[in-house]
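The following note is meant for a colleague who is opening this entry for the first time. Please keep the structure in view while reading the numbered points.

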Amino acid sequence: MTAYPKTTKLMQRGIDFLGSETAILCGAMSWVSERHLVAAISNAGGFGVIACGAMTPELLDAEIAGTKALTAKPFGVNLITMHPQLFDLIAVCAKHQVSHVVLAGGIPPKGSVEAIKEFGGKVLVFAPTLALAKRLLRTGADALVIEGSEAGGHIGPVATSVLAQEFLPELAEDHVVFVAGGIGRGDMIAAYLEMGASGVQLGTRFACASESIAHPAFKQAFFRANARDAEASVQVDPRLPVIPVRALRNKGTEAFTAKQREVAQLLDEGKIDMGEAQLQIEHFWAGALRRAVIDGDVEHGSVMAGQSVGMVTKEQPAAEIVAELMAESEAALG
Ligand SMILES: Cc1cc2nc3c(=O)[nH]c(=O)nc-3n(C[C@H](O)[C@H](O)[C@H](O)COP(=O)(O)O)c2cc1C
């Protein structure tokens, strides 16, 4: 964007890669990142990403078509690698010639990156370690997202600031790397760009945009919350493959502890295996998040939010949020 020359210059590689006006991605948020928010972000000069979550191929098909009806700008699709129909979902992306696919939730299974590249899609991946990031970039991934534990939703154990210091000096020169987790203001964007990032990904700051279909009660919970209210879930049983989730503390947090005990017992009794245990946990989250985002039950549902939630104080159009972030970054670089 010409109004922000210094920021745009530092984002140029990210902008070229995404085909958007700024290299600010709105990370996929299950139930929140549907056609309205995704199109609004892309129309605002950011890069929207549809959250496929647990959608069937038919639902994803309709969501992509719906998004295309609302924007002519590029947008991406986020697929969860453990989805049992991952390859059918990739075929839906191929049918629509989706320009960018984000593979989230684990190491991409064999053949998935290739299947996306085959139809000309660009592949973005997450990597928890530098060694894995290098391998994924060597074997076909086009760009990397590093996401720290400040983020909302499923998280890793390491802070964004540390990941940035570990990954950017090694990878940023030759690769497109986006930094995510805990970014609430443009000043922080400027800092990561200066460290070599090609762009950034935010979720929490966009969840309550005017165009977001999240229930008014969900948005109110965000406006009221402080950073310290966005807590990482606790793992009850070390055997359970539970990926921690950051969400606002409520009764739903306790329900998750109970769910873990229930799944652990089923494991003990040999009634389910580890894979089934993990699926049950993930289904719990999908249901709990829906309850909060769609039904507005912010007491028993899961109000996933990052630590930057304290910087979300009011509903704003996506375009205003993008412009604010760019202006803050520009001022910081000045
Ligand atoms: C409500 C919510 C739901 C999310 N759902 C997903 C998801 O389905 N898939 C995914 O890859 N990331 C998901 N995320 C993570 C975001 O895409 C993004 O990476 C993260 O929010 C960035 O950190 P921030 O929250 O500090 O801005 C979610 C985040 C939130 C807040």
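1. It may help to begin at the ligand, where α9 contributes three residues, the largest share that any element gives to the surrounding shell. Please keep in mind throughout that this is a predicted model. The shell around the ligand comprises 28 residues, and those that come nearest are Gly27, Gly152, Gly153, Gly203 and Gly306. Two or more residues of this shell come from each of the elements β9 (199-202) and α9 (204-207).

2. What is the make-up of the shell around the ligand in terms of nonpolar, polar and charged residues? Twelve of its residues are nonpolar, 13 are polar and three are charged.

3. Turning to the protein as a whole, the chain forms 13 helices and eleven strands. Its radius of gyration is 19 Å, close to the 20 Å that the globule rule gives for 334 residues, so the protein is as compact as a globular protein of that length. Measured out along the principal axes, a phrase used here for computed extents, the C-alpha trace spans about 60 × 45 × 40 Å.

4. Of the 334 residues, 50% count as buried. Where contacts join residues at least 6 apart in sequence, 65% of them link residues at least 24 apart.

5. Strand β2 (residues 47-51) deserves a careful look, as five of its five residues are buried and the strand is mostly covered. Phe47, Val49 and Ala51 point one way from β2, whereas Gly48 and Ile50 point the other way, and the residues of both groups are buried.

6. On one hand, β2 pairs with strand β1 (residues 24-26) in the parallel sense, over two bridges, and Gly48 in β2 is the bridge partner of Cys26. The connection from β1 to β2 runs through helix α2 (residues 35-43), and this β-α-β crossover is right-handed.

7. β2 also pairs in the parallel sense with strand β3 (residues 76-80), here over three bridges, and Asn78 in β3 is the bridge partner of Ala51. From β2 the chain passes through helix α3 (residues 57-70) to reach β3, in a β-α-β crossover that is right-handed.

8. Why can helix α2 be described as largely enclosed by the rest of the structure? Seven of its nine residues are buried, so the description follows from that count. The buried residues in α2 are Arg35, Leu37, Val38, Ala39, Ala40, Ile41 and Ser42. These buried residues of α2 pack against β1, β2, α3, α9 and α13 (318-333), and α9 is also the element with the largest share of the shell around the ligand. Just after α2, Gly45 takes a positive phi of about 100 degrees.

9. Elsewhere, an open sheet of three strands has the order β7-β11-β10, and its pairing is antiparallel. β7 (153-154) and β10 (230-232) each have a single partner strand and stand at the edges, so one side of each is left without a neighbour in the sheet. β10 and strand β11 (residues 245-248) run antiparallel and are joined by three bridges, and Leu248 in β11 is the bridge partner of Ala230.

Conventions
Residues are numbered from 1 along each chain as its sequence is written. This is a predicted model: local features need pLDDT of at least 70, side-chain atom pairs count only at pLDDT 80 or more; totals for chains, interfaces and linings use all residues. A residue is buried if 20 or more other C-beta atoms lie within 10 Å of its own, exposed if 12 or fewer, and partly exposed in between; C-beta atoms are placed from the backbone. Helices (H or I, at least four residues) and strands (E, at least two) are DSSP runs, numbered from the N terminus. Two strands pair if DSSP finds at least two bridges between them. A crossover is right-handed if, with the strands pointing away from the viewer, the path from the first strand over the helix to the second runs clockwise. The radius of gyration is taken over C-alpha atoms; the globule rule is 2.2 Å times the number of residues to the power 0.38. Two residues are in contact if their C-beta atoms, placed from the backbone, lie within 7 Å. A residue is near a molecule or strand if its C-beta atom, placed from the backbone, lies within 6 Å of it. Ala, Val, Leu, Ile, Met, Phe, Trp, Tyr, Cys and Pro count as nonpolar, Asp, Glu, Lys and Arg as charged, and the others, Gly among them, as polar.
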